[in-house]
Amino acid sequence: MWNDLPHSGTTVASATVGSTKSDVNHMRSVSVALAVLEAVAERQPVGVSELARAMELPKSTMQRMLLTLGELGWIRAGAEEPTRWSLTSKAMSIGSRHRGDDEIRRVALPAMHALSAATGETVHLSVLEERRVVLIEKIESIHPVRTHTTIGNSAPLHTTASGKAILAAMPQAQARALLRAPLEALTERTQTDVPTLLEELGRAREDGYAVTVGTRHPEIAAVGAAVLGASGLPVASLSLSLPVHRFPEQSWPDLGEQVARAAAECSRELGWRPA
């Protein structure tokens, strides 16, 4: 359910004036490799044909890039799907160090384990990155039927409970800026009307948690709450992800309050104090 993502917006850098032909070729190779790495991160697990189409590159070029990145340890082919590629922990650890996610992860893990034990459902920890949320930690559900996610995957803010929880916890002007149209619809239930989304954020702000049902994947529901930093601004979100059939509407308040309490515990550990 983290796979229906748009292709990378990374563009290949132009050569600078005065560069030798060899320099130009090297610069282009590096630019393409980084663009491919970013595209894998957004679409993982993903195959060579899909990437080649999305980035408008020859399939042979894409195959060489993927194999090279794989040999260098940045991506890996799946054990069950050897033709599909995902980021390795090496790539994700670089991103985590850059964003300072290790501290958030360290603080959140005890609350995540407690939430997992209380609900039996999959628990996600996500952070904001531009107009998307990125999954940085998870604890799997105990149920045989569960959601499947990959750490490092991302999704548009308006399509997830995690994203909506973060939007609801930030200043409204900032949320409006992040919800600028056009917004992508991942399913028939994805809300893309900005005024309606702002109303949903108001309800989430009042409740202390956000709920989504079928907005990223038709069969997946989620409930999320924002984790606040010492400044009172959102730095991450905790969420439960579960199949729709285990998420009847009458269960929303109970699960929502559990997620909100866990997120508040993380916020206090990060230095947040309610006014």
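**Strand β9 and a ring pair**

Strand β9 (residues 234-243) has 9 of its 10 residues buried, so the rest of the structure largely encloses it. This is a predicted model, where local features need pLDDT of at least 70, side-chain atom pairs count only at pLDDT 80 or more, and totals for chains, interfaces and linings use all residues. Side-chain values use heavy atoms, with hydrogens and water left out, and numbering starts from 1 along each chain as its sequence is written.

Q: What makes β9 a strand?
A: Strands are DSSP runs of E with at least two residues, numbered from the N terminus. β9 covers residues 234-243.

Q: How do you know that β8 and β9 pair?
A: Pairing takes at least two DSSP bridges between two strands. β8 (residues 220-228) has 9 bridges to β9, running antiparallel, so the two count as paired. One of the partnerships is I220 with P243. The two strands form a hairpin with 5 residues between them, and G232 in the turn has a positive phi of about 90°.

Q: What makes β4 a partner of β9?
A: β4 (residues 122-129) is joined to β9 by 5 bridges, also antiparallel. H124, for one, bridges to S239.

Q: Why is the F247 and W252 pair called stacked?
A: Rings of Phe, Tyr and Trp (its six-membered ring) pair if their centres lie within 6.5 Å; planes under 30 degrees apart are stacked, over 60 edge-to-face, the rest tilted. F247 and W252 sit 5.6 Å centre to centre with 25° between the planes, so they qualify as stacked. The structure holds 1 aromatic pair.

Q: Why is F247 called buried, and what is W252?
A: Buried means under 20% relative accessible area, exposed over 50%, partly exposed in between (1.4 Å probe, protein chains only). F247 has 4%, so it's buried; W252 has 24%, so it's partly exposed.

Note on methods
Helix = DSSP H or I, 4+ residues; strand = E, 2+ residues; numbered from the N terminus.
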